[in-house]
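Open the model in your viewer and set it to cartoon. The tour goes from the whole fold to single residues.

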Amino acid sequence: MSQQSERMRRLYRFQAPIYDKTRWAFLHGRRQACELLRPRSGERILDLGCGTGRWLPRLAKKVGRQGRIVGIDCVSKLLARARSRCRQLSAVRIVEGDWLELDAEPEAFDAVLLSYSLSMIDDWQDCIRKVHDCLSPQGRVVVVDFLHCRTPGLATVFRRHGVQFGAERRAELQRRFALTADEERPAFASAWSWYLLAGHRCAKAQ
Ligand SMILES: C[S@@+](CC[C@H](N)C(=O)[O-])C[C@H]1O[C@@H](n2cnc3c(N)ncnc32)[C@H](O)[C@@H]1O
């Protein structure tokens, strides 16, 4: 098991059962991210770091029977929930593993969603490069994630929960993709902020 997977497994050891009941308070903008991805009939979509798979059924409905949704995560306890959510959805495949270690075919996906997963990945540059390479030409990416936290005590709590704030990650996404949306939003009277970014693959940067 990779160090990243082991870290995530430890982090979610006790949180998996309460994950869906608690995350609505912190992980803002996830529904908007799903909508911004604009999944279309027949598309191949990757939900990278899908966790409990909350968005997989919604994505599966949009791509229909001809489409394919892959949910990848490295924590089996979270994926157990995702599997039970999607057990009747033939378009959905759940894969357990560290994204950075999995084989990813070039141009395998039409769109990739990263919903609060990029902030937890140590080797984020490699992650973004791999996302870029697995997209079809003009393939789309949508990222929603933590950006800044200027409330000192709170920033420490987030960090203890594996969050690394995202200014550098966002800058790299801005550099790599042709952007169609890119905004910062405040949460709870600016206790922290999150960003929602959408773009597509282009020849701009490698
Ligand atoms: C904060 S959760 C977000 C889960 C889900 N996307 C959501 O919006 O509720 C971050 C997820 O990223 C996963 N993750 C972190 N690093 C990963 C990696 N290298 N490969 C696969 N999944 C990873 C974690 O296991 C965790 O489920």
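Start with the whole chain. This predicted model holds eight helices and seven strands. Its C-alpha trace spans about 45 × 40 × 30 Å along the principal axes. The radius of gyration is 16 Å, which agrees with the value near 17 Å for a compact globule of 206 residues.

Switch on the surface. The accessible area is about 10,200 Å², and carbon and sulfur atoms account for 50% of that. Of the 206 residues, 55% are buried. Colour by charge next: the mean positions of the 36 positive and 23 negative charges lie 7 Å apart.

Now show contacts between residues at least 6 apart in sequence. In 70% of them, the partners are at least 24 apart.

Select helix α6, residues 124–134. Which of its residues are buried? They are Trp124, Cys127, Ile128, Lys130, Val131, His132 and Cys134. Add the elements that cover them. These include the strands β1 (44–48), β4 (109–115), β5 (135–148), β6 (177–187) and β7 (192–201), along with helix α8 (167–176).

Keep β4 and hide the rest. Why is β4 largely enclosed by the rest of the structure? Seven of its seven residues are buried, so little of the strand is left uncovered.

Bring back the strands that pair with β4. β1 runs parallel to β4, with three bridges. Pick Leu113 in β4: Asp47 stands opposite. β5 also pairs with β4 in the parallel sense, over six bridges. End on Ala111, whose bridge partner in β5 is Arg140.

Conventions
Residues numbered from 1 in each chain as written. Predicted model: local features only at pLDDT ≥ 70, side-chain atom pairs only at ≥ 80, totals over all residues. Heavy atoms only, no water. Helix = DSSP H or I, 4+ residues; strand = E, 2+ residues; numbered from the N terminus. Rg over C-alpha atoms; globule rule 2.2 N^0.38 Å. Buried < 20%, exposed > 50% of the residue type's maximum accessible area, 1.4 Å probe, protein only. Contact = heavy atoms within 4.5 Å. Areas by Shrake-Rupley, 256 points an atom, 1.4 Å probe, with all protein chains shown as cover. Lys, Arg positive; Asp, Glu negative; His and termini not counted. Charge placed at Lys NZ, Arg CZ, Asp CG, Glu CD. Pairing = 2+ DSSP bridges.
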